[in-house]
Amino acid sequence: MARFIPQGEIVPKEQEEVCPVTYTQNLTAGRWKVIILWHLSKQTRRFNELQRLLPGISKGILTRQLRELEEDVMVHREVYKEVPPKVEYSLTPKGKSFIPVLDIMGEWGKEHMKSNQKELKPVTKD
């Protein structure tokens, strides 16, 4: 599972064990994990394809985020014995069960992006 502890805070193990929000936060903690899951919810992807879809992510960070998601059984890594090697990433059943959460996050984001644009319009003096 992702190792996330808010900066300056100590999260007791008991809280992780009893709080489903903390569990979910720890599972998806990391700047790129939710976005990786969203891209994989659309289709199976290869490593380089994911890297192209995530401008600004380094190979090392993408590798680490994918390994943690794989360790947490959210993502499946399929290695094909070919030359050159082919590796594909897809969602596991547990990862697929997270798609409704991603959808709700997307809807919330759309709604609040609209409201923020309205709020950020310059005020003109009459």
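This report walks through the fold of a predicted model, from the overall layout down to a few residues.

**Overall layout**

The protein has seven helices and three strands. Going along the sequence, they come in the order α-α-α-β-α-α-β-β-α-α. Of the 126 residues, 29% are buried. If you take the contacts between residues at least 6 apart in sequence, 49% of them join residues at least 24 apart. The accessible surface adds up to about 9,300 Å², and carbon and sulfur atoms account for 56% of that.

**The strands**

Start with β3, since both of the other strands pair with it. The pairings look like this:

| Strand pair | Sense | Bridges | One bridge pair |
|---|---|---|---|
| β1 (residues 45-46) and β3 | antiparallel | two | R45 and Y89 |
| β2 (residues 75-80) and β3 | antiparallel | six | E78 and E88 |

Between β2 and β3 the chain makes a hairpin, with five residues doing the joining. How enclosed is β3 (residues 86-91)? Five of its six residues are buried, so the rest of the structure largely encloses this strand.

**Helix α5 and its two sides**

Helix α5 covers residues 59-71, which makes 13 residues. From first C-alpha to last, α5 reaches 18 Å, close to the 18 Å expected at 1.5 Å a residue.

Which residues of α5 are buried? They are L62, Q65, L66, E68 and L69. These residues span an arc of only 160 degrees around the axis, which places them on the same side of the helix. The spacing fits a simple rule: an α-helix has 3.6 residues a turn, so residues three or four places apart point the same way. Over on the other side of α5, K59 and R67 are exposed.

As for what sits over the buried residues of α5, the cover includes three helices, α2 (20-28), α3 (33-42) and α4 (47-53), along with strands β2 and β3. Just past the end of α5, V73 has a positive phi of about 60 degrees.

**The nonpolar core**

In soluble globular proteins, nonpolar side chains tend to be buried together. Here the largest nonpolar core has 19 residues, and the ones that touch the most other members are I36, L37, L62, V75 and Y89. Two or more residues of this core come from each of α3, α4, α5 and β3. Two names on that list have come up already: L62 is among the buried residues of α5, and Y89 is the bridge partner of R45.

L37 is a good residue to click on. Leaving out residues up to four places away in sequence, L37 touches T28, L69, M74, V75, L91, F98 and L102. One of these, L69, is a buried residue of α5.

**T28 and the end of α2**

Another contact of L37 is T28, which lies in helix α2. Is T28 buried or exposed? Its relative accessible area is 13%, under the 20% cut-off, so T28 counts as buried. With residues up to four places away in sequence set aside, T28 touches K33, V34, L37 and F98. F98 therefore shows up in the contacts of both T28 and L37.

T28 has company in α2, where T22, N26 and L27 are buried too. After α2 comes G30, with a positive phi near 130 degrees.

Methods: Residues numbered from 1 in each chain as written. Predicted model: local features only at pLDDT ≥ 70, side-chain atom pairs only at ≥ 80, totals over all residues. Heavy atoms only, no water. Buried < 20%, exposed > 50% of the residue type's maximum accessible area, 1.4 Å probe, protein only. Helix = DSSP H or I, 4+ residues; strand = E, 2+ residues; numbered from the N terminus. Pairing = 2+ DSSP bridges. Expected span 1.5 Å × (residues − 1). Arc of directions from axis to C-beta. Contact = heavy atoms within 4.5 Å. Core = buried A, V, L, I, M, F, W, Y, C linked by side-chain atoms within 4.5 Å. Areas by Shrake-Rupley, 256 points an atom, 1.4 Å probe, with all protein chains shown as cover.
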